[in-house]
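This report covers the overall build of one chain and then the surroundings of a single residue.

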Amino acid sequence: MVTLTIDGVEVTVERGATILEAAQKAGVRIPTLCHDKRLVPFGACRLCMVEVVARGRKRTMPACFNPARDGMEVTTSSPDLIKSRRMQLMLLLRSHPLLCPSCDACGNCRLQDLVHEYEVAEPPFPKEQRYFHIDNDSHFIRFNMNLCVKCGMCVRICDEVQGVNELSFVRRGMENEVSTDFGRPLDCEFCGQCAQICPVGAISSKWLVGTGRQFELRQTNTTCAFCSLGCTLTLGLKSDKVVWVSSPSDSHNEGNLCVKGRYGWPYVYSEKRLSKPLIRKNGRLEEVEWNEALGFVAERLNSIKEAHGGPSLAALGSERLTNEEAYVFNRFVRTVMGTPHLDHAGGYGYAGLVNGIAPALGYPASPNSINELRSARVIVLLGADLTETHPVAKNEVIRALTRYEAQVIVIDSMRTRLSDRADISLLVAPGQEHLIAYAMLKEILDKGLFDKTALALRADGLDELQASLERYTPDKVAAMTGTDPEEIRQAAKAYAEAAGSLLVLTEGMNRGSTQVLCAQAAANLALVTGRIGKPANGICVFPEKTNGQGALDMGLVPNLLPGFRSITDEKARAKFEEAWGAPLPSEPGLNAGQILEKAAAKEIRGLYVVGENPLETYPDRNLVKKALESVEFLVVQDLFLTSTAALAHAVLPVKAFTEKTGTFTSSERLVQRIRPVLKPGAVKSDLEIFTALAALMGQPSMTYSGPEAIMDEIAGLVDVYGGISYRRLAAEGLPWPCVDPEDPGKPLLYEGGFPGGKAKLLPASVPQPAVGDALPMFLIPAVLKFHSGSFSEWSTSLMEVCPEGSAEMNADDARSMGLSDGDSVRVIGADGSWITGKVKISRRALRGAIIVPQHFSALKVNTLTRWNGPAVRVRVEKA
Amino acid sequence: MEDRDALLKKKVQRTVEVLPAKELAKLDEVIARYAGKAGHLIPALKDAQEMYGYLPMEVQHRIADGLHVSPSHVYGVVTFYSFFTIMPRGRHTIRLCLGTACYVKGSKEILETIVREVGINVGETSQDGRFTIEAVRCLGACGLAPVMMIGEDTHGNVDPKDTLRIIQAYE
């Protein structure tokens with residue numbers, strides 16, 4: 001620690017902190033134009049010059065990249081410094097047009113603020129005007145390089161944080177500008193970070209041009225509703241319409257957003273949104289009033305229940321419901337509908353957590369938080385293509401990799417942007433990722449790269465684990481997977497010996513059944529090397545959609561009650577029966593796959609689907625279609641008339657995340673508020689629909705005064721949510737477990753040990769064969785960063801950047817089949833079902849694999865995927 | 001500003017020339033020499049320019065791909081250093097000094113002669129691909145002013161009237 005004085009204020013900071021950081025800590029403001037806490041100091045603007053007296057010598061230096069030292073006396077404002085800053089500003093104004101009244105950045109311009117603060121009037125120099133054309137060719141983003149002040153923040157954030165390096169300084173002197181190669185339009189992640197970080201109006205959002213300026217906008221913080229990272233969004237409204245989205249720099253995501261968060265929201269204004277309920281009359285869906293629709297649904301559900309019993313009904317929830325809605329839906333399904341058959345996300349949004357992490361560690365949740373990634377020394381991406389699935393978490397990996405020189409080990413079935421930059425990249429066939437983890441574990445156990453005594457105190461099951469790993473030596477696994485045994489050994493050694501090692505996994509429809517095996521292997525690796533319960537050590541699991549963790553916490557699964565209590569646990573059941581005033585089913589229900597199978601067999605007669613589009617996203621499309629067409633009564637609750645809703649007997653339109661109150665729980669267990677900013681038309685929130693239906697179906701006691709009251713009830717019943725209330729969530733989120741109203745929550749799980757006393761090492765499983773084992777190629781259903789499930793197809797902006805998907809193939813495979821870019825191919829599964837798509841030759845695909853994105857209703861990749869089996873094999877022919 | 005835009009567009013389009021695949025494949029040897037090493041972009045670009053005489057878009061893209069750097073970064077480097085050129089050069093590069101000493105000794109007249117006779121201005125290449133003219137600040141031989149270099153040959157004490165005769169010797 002070093003102590004220094006800044007403008008007479010004494011402050012102590014960590015060694016290595018800059019004078020600027022020390023000043024921020026001391027509460028002294030130093031003006032900057034090229035500084036951002038996410039970036040490596042650059043020293044371009046020279047506005048942060050300060051006078052420093054150290055060892056009796058007075059010097060002037062930039063505060064942003066000079067480290068604070070013991071005994072320094074810093075002056076941030078003196079006549080000389082003010083003169084120098086004024087000179088800097090005047091030099092900038094020499095070539096900066098003074099068109100502030102018409103500039104979109106007016107009022108949100110750091111240059112304008114500083115010119116105002118330092119009272120710079122007419123500069124004494126002649127103007128030197130630049131003439132760059134205004135570039136509107138890129139999606140979302142407009143370049144007007146005449147306004148650029150060369151702070152380099154856009155170039156740096158694109159490189160240092162996003163890891164994309166799409167923007168660069170090109171040419172020299174007065175011709176110097178920020179651009180791409182040969183001035184082509186952007187072809188990048190479209191995260192919009194460059195537009196947000198620009199201190200002037202040189203890079204800006206096209207949507208704001210002539211629309212509104214910062215000071216005209218009413219701003220509200222809420223939580224992003226796409227992926228599970230739970231980034232804070234600031235919605236800017238003008239005339240009650242969202243026109244701009246950004247993220248505050250003091251949020252846990254530090255202002256970073258991806259394309260979906262920043263530009264994906266226009267779906268809330270889609271003209272295709274349903275405005276009135278629909279019910280099927282004479283074979284056609286017709287608009288009706290709410291009373292009629294709710295009465296119809298209640299009557300039909302009740303009549304099936306009376307005729308065939310509650311278990312003839314089933315329900316599919318969603319990872320997009322808020323915690324409160326998921327909780328009430330759980331109560332509605334299990335008490336009012338009276339059925340145990342409840343699941344969500346095809347069972348794939350949580351399988352790794354429930355069957356992999358929970359049996360080993362205790363909670364079905366990610367033990368570590370996202371920001372820990374940047375402090376890890378070794379990061380193992382176990383089948384986690386974060387660039388596409390969770391771009392903001394990818395930023396943390398990029399920062400660890402480039403700024404803190406962490407080692408990155410990628411184990412995946414395709415080349416990813418991160419595998420190109422990784423120290424070790426082990427590329428295998430789909431469904432084999434966990435084998436590499438087994439081999440690493442075997443190597444660590446054999447070489448004794450762990451503390452055996454400490455492990456015995458922490459976890460049981462070492463002997464069984466060792467026995468089960470017999471056949472997974474690095475050599476054998478290397479032979480099975482076609483990798484280099486030496487690289488596996490290096491990976492094992494790096495992982496075991498690093499000061500901080502994090503494993504990263506993702507959950508979701510694209511991960512197939514391998515996600516459970518990967519999660520088990522990851523838990524074993526972390527346990528054996530003693531990495532659980534320590535910061536920057538452990539496991540990060542990222543579910544697919546926004547409330548993946550919350551849906552699980554609220555028990556939207558066949559065998560769990562809210563708070564992960566088993567439905568077979570009599571005491572837990574009794575507690576909920578008392579609170580809910582109704583008996584609960586005592587046996588676990590069917591999972592999503594089984595529900596649809598039984599529905600196809602007409603054993604399930606009524607199906608209630610909320611916020612999900614099984615026809616497009618669940619595996620085995622033909623089965624799903626048959627099931628949805630076979631049920632006597634199908635009710636779908638959604639914003640849009642999805643392909644599933646088109647088959648329904650009743651469709652209930654709901655509010656979007658911008659229109660309702662609630663909480664989402666992110667993948668790092670952070671419970672955060674969403675806030676209503678828009679007034680929708682005649683649609684209701686999911687919550688209002690559940691309570692209204694409960695009343696109509698004879699359970700009038702299921703009324704709540706609002707989401708706040710529901711959170712209070714959850715806090716009373718679910719231990720880990722015990723201390724969470726809307727009052728406490730007003731300013732920022734709380735990470736569970738948060739057991740009482742004083743508890744600040746735990747960003748890191750298991751710091752004080754495991755809930756069951758000891759963790760459990762799970763033995764390695766015998767590999768399952770792939771679906772269609774004899775076929776020559778693997779099918780990889782992939783995620784694209786521009787999309788989320790099938791839902792993002794309703795977002796005009798995301799469809800503008802990425803309107804369609806193609807079947808990505810390796811150049812060698814394509815050549816051997818005589819295919820070239822744009823050719824149509826037929827991808828055929830083991831049972832003869834097939835899809836067609838256009839070929840794109842891509843580096844991402846390894847030999848023998850074809851990558852098809854899962855988001856597009858035009859591609860229907862779920863025709864070929866199945867619930868069981870770690871991977872799908874197909875054959876490909878020219879169509 | 002429209003004129004300028006049109007000019008910029010014209011310049012960019014000129015660089016999109018399709019090299020035959022066989023020619024382009026020669027680059028792989030250069031890439032293999034430098035791939036995987038940090039900070040070897042400039043030597044790789046230098047070798048490539050020696051091979052093709054200039055660095056068109058395809059060459060830059062191929063190098064970016066091979067060295068795992070972004071094409072924007074490559075373009076930034078290429079446009080920063082005056083040594084690199086995106087446009088094809090003539091067979092002979094005329095470097096005419098316009099520094100103070102040469103200027104007063106008549107290099108302006110030499111330049112005017114070239115502009116008039118060859119039909120190109122500073123920074124341009126003649127239609128027949130014979131000459132590229134560059135104006136330089138100093139060649140370090142002020143005693144020989146006015147100085148002009150053609151390729152590797154230095155011509156000192158050039159009489160503006162002799163300009164045409166000198167350059168005609170280069171085919």
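**Basis and domains**

Domain bounds come from an automatic or database domain assignment. On that footing chain A falls into domain 1 (2–77), domain 2 (99–266), domain 3 (278–348 + 549–735), domain 4 (351–542) and domain 5 (777–878). The centres of domain 1 of chain A and domain 4 of chain A, taken over C-alpha atoms, are 40 Å apart.

This is a predicted model, in which local features need pLDDT of at least 70 and side-chain atom pairs count only at pLDDT 80 or more, while totals for chains, interfaces and linings use all residues. Residues are numbered from 1 along each chain as its sequence is written, chains are lettered from A and ligands numbered from 1 in the order in which they are written, and side-chain values use heavy atoms, with hydrogens and water left out.

**Overall build**

Chain A contains 28 helices and 37 strands, as DSSP runs (helices H or I, at least four residues; strands E, at least two) numbered from the N terminus. Its radius of gyration over C-alpha atoms is 28 Å, close to the 29 Å from the globule rule for 879 residues, so chain A is as compact as a globular protein of that length. The rule is 2.2 Å times the number of residues to the power 0.38.

Of the 879 residues in chain A, 65% are buried, meaning under 20% relative accessible area with a 1.4 Å probe, protein chains only.

**Surroundings of A:Glu372**

A:Glu372 sits in the loop between helix H9 (351–361) and strand E17 (378–382) of chain A. The residue is buried, at 10% relative accessible area. Its contacts (heavy atoms within 4.5 Å), leaving out residues up to four places away in sequence, include A:Leu502, A:Lys534 and A:Pro747. The C-alpha atom of A:Gly500, 128 residues away along the chain, is 9.6 Å from that of A:Glu372.

Note on methods
Buried < 20%, exposed > 50% of the residue type's maximum accessible area, 1.4 Å probe, protein only.
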